Amino acid sequence: MATAPSPAAAGVSLRGLVRRFGAVTAVDGISLEVEPGSLVSLLGPSGCGKSTLLRIVAGLEPPDAGSVSIGGRDMTSLPARERPTAMVFQNYALFPTMTVGQNVAYGLDVRGLRNPERADRVRRALESVGMADLADRPVPKLSGGQQQRVAVARALAVEPRVLLFDEPLSNLDVALRERTRDELRSLQRNLGITALYVTHDQEEALAVSDRIAVLRGGRIVQEGAPEALFEAPSTSYVARFLGGANLLDGRASSALAGLDVPEGSALAVRPDEIAVDPEGTAAVVVARRYLGSLVELDLRYEGVDLRVRGRSDAAPGARVGIKARAWRIVRRDD
Ligand SMILES: Nc1ncnc2c1ncn2[C@@H]1O[C@H](COP(=O)(O)OP(=O)(O)OP(=O)(O)O)[C@@H](O)[C@H]1O
Ligand SMILES: [Mg+2]
């Protein structure tokens, strides 16, 4: 893949951002530093404010409080077209009556760019997503994956300093989603361009990000490198959202780990951290799901429901022993 020239990477600095819609506070005091050239994911469930935050960075949504700086420059009161950002949407938002090339040129036409600069930028942007030979094709004659690449090329053509992705893979089927995810990530790395990447999919966030900000109700509840968040969640919410952790306290935690957790805390144990012993009897198998390379069991143990993932022949109704191989203590916030 050819590498399109890109301007020097710019960091993004968000300070105290707030956005209200009537009684709903969609963004509730968000501060975040994005290093130049890095990809930071905004991860959280539907309605937690991810898109609103991204739109504030793009200048498509005015914040009620707080500031946005890019490359050290305050952009809070600049309109979208004057910001060095470009957005890639979930539904691609391509113009169906235009060709691939015309779509990619759109942002350049808006800015009044003329040939040969215009044609040159379109070619470079299409080259960088491996679509140079399809410039004259009408958009409806492209696959979903190809349309997604055109949307990325259109964003790159304006030579932004920051790329903003809003769930860019949600419309693709599973196999294509993984491939496109990896392509997007290597393109972002090769260009050395700063990116903010919205997703509600924890696996996707873990796979593409330099850092992840986990959002809940318009706030960042934890921010860090993927490994750090996965291995050391600070709250029960993050432990459940990122690792699908079981949360235990009281009798269940002392039985499983020999540990009494303090009031307001929980023992977080991921499904892959529990070993099943066919000789034991402490837990009852409630359900079993065959996942191919692994088996998932729902267990009833010391009055709580636990999920376990690994290898086991145990069928529903059977009794098994269990042992936690690892765990961490987290603050209860759910
Ligand atoms: N223009 C608007 N007018 C009124 N309420 C809005 C508007 N935009 C967003 N909201 C509300 O703000 C909250 C956050 O919405 P937002 O779209 O940012 O969430 P999201 O995290 O992107 O969710 P999803 O994963 O479903 O896309 C929601 O409660 C939403 O209903
Ligand atoms: Mg959204």
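User: Which residues are around ligand 1?

Analyst: The model is a predicted one. Around ligand 1, one part of the surroundings is made by Gly44, Ser46, Gly47, Cys48, Gly49, Lys50, Ser51 and Thr52. The other residues around ligand 1 are Phe21, Val24, Ala26 and His200.

User: Which element gives the largest share of the shell around ligand 1?

Analyst: Two or more residues come from each of two elements, strand 2 (24-34) and helix 1 (50-58). By class, the shell has 4 nonpolar, 7 polar and 1 charged residues. The largest share is 3 residues, and the element that gives it is helix 1.

User: Is helix 4 roughly parallel or roughly antiparallel to helix 5?

Analyst: Helix 4 (residues 144-157) and helix 5 (residues 174-191) have axes 11 Å apart, at an angle of about 20°. Angles under 35 degrees count as roughly parallel. Helix 4 is therefore, relative to helix 5, roughly parallel.

User: How many charged residues are in the contact of helix 4 with helix 5?

Analyst: Helix 4 brings Gly144, Gly145, Gln148 and Val152 to this contact, and helix 5 brings Leu176, Thr180 and Leu184. By class, 3 are nonpolar and 4 are polar. The number of charged residues is given as no charged residues.

User: How is helix 2 oriented to helix 3?

Analyst: The axes of helix 2 (residues 100-110) and helix 3 (residues 117-128) come within 9 Å and cross at roughly 120°. That angle is why helix 2 is described, relative to helix 3, as oblique.

User: How many charged residues are in the contact of helix 2 with helix 3?

Analyst: From helix 2, Gly101, Val104, Ala105 and Leu108 meet Arg118, Arg121, Val122, Ala125 and Leu126 of helix 3. These divide into 6 nonpolar and 1 polar, with Arg counted as charged. The charged residues number 2.

User: Which strands stand at the edges of the open sheet with the order 11-12-18?

Analyst: This open sheet has 3 strands, and the pairing is antiparallel. An edge strand here has a single partner strand, so one side of it is left without a neighbour in the sheet. The strands at the edges are strand 11 (246-248) and strand 18 (328-331).

User: Which residue is the bridge partner of Leu267 in strand 18?

Analyst: Strand 12 (residues 265-269) and strand 18 run antiparallel and are joined by 4 bridges. In strand 18, the bridge partner of Leu267 is Ile329.

Definitions and conventions. Residues are numbered from 1 along each chain as its sequence is written. Chains are lettered from A and ligands numbered from 1 in the order in which they are written. This is a predicted model: local features need pLDDT of at least 70, side-chain atom pairs count only at pLDDT 80 or more; totals for chains, interfaces and linings use all residues. Axes are lines fitted to C-alpha atoms, for helices over the stretch in contact, and angles run from 0 to 180 degrees between N-to-C directions. Angles under 35 degrees count as roughly parallel, over 145 as roughly antiparallel, 65 to 115 as roughly perpendicular and the rest as oblique. Two residues are in contact if their C-beta atoms, placed from the backbone, lie within 7 Å. Two strands pair if DSSP finds at least two bridges between them. A residue is near a molecule or strand if its C-beta atom, placed from the backbone, lies within 6 Å of it.
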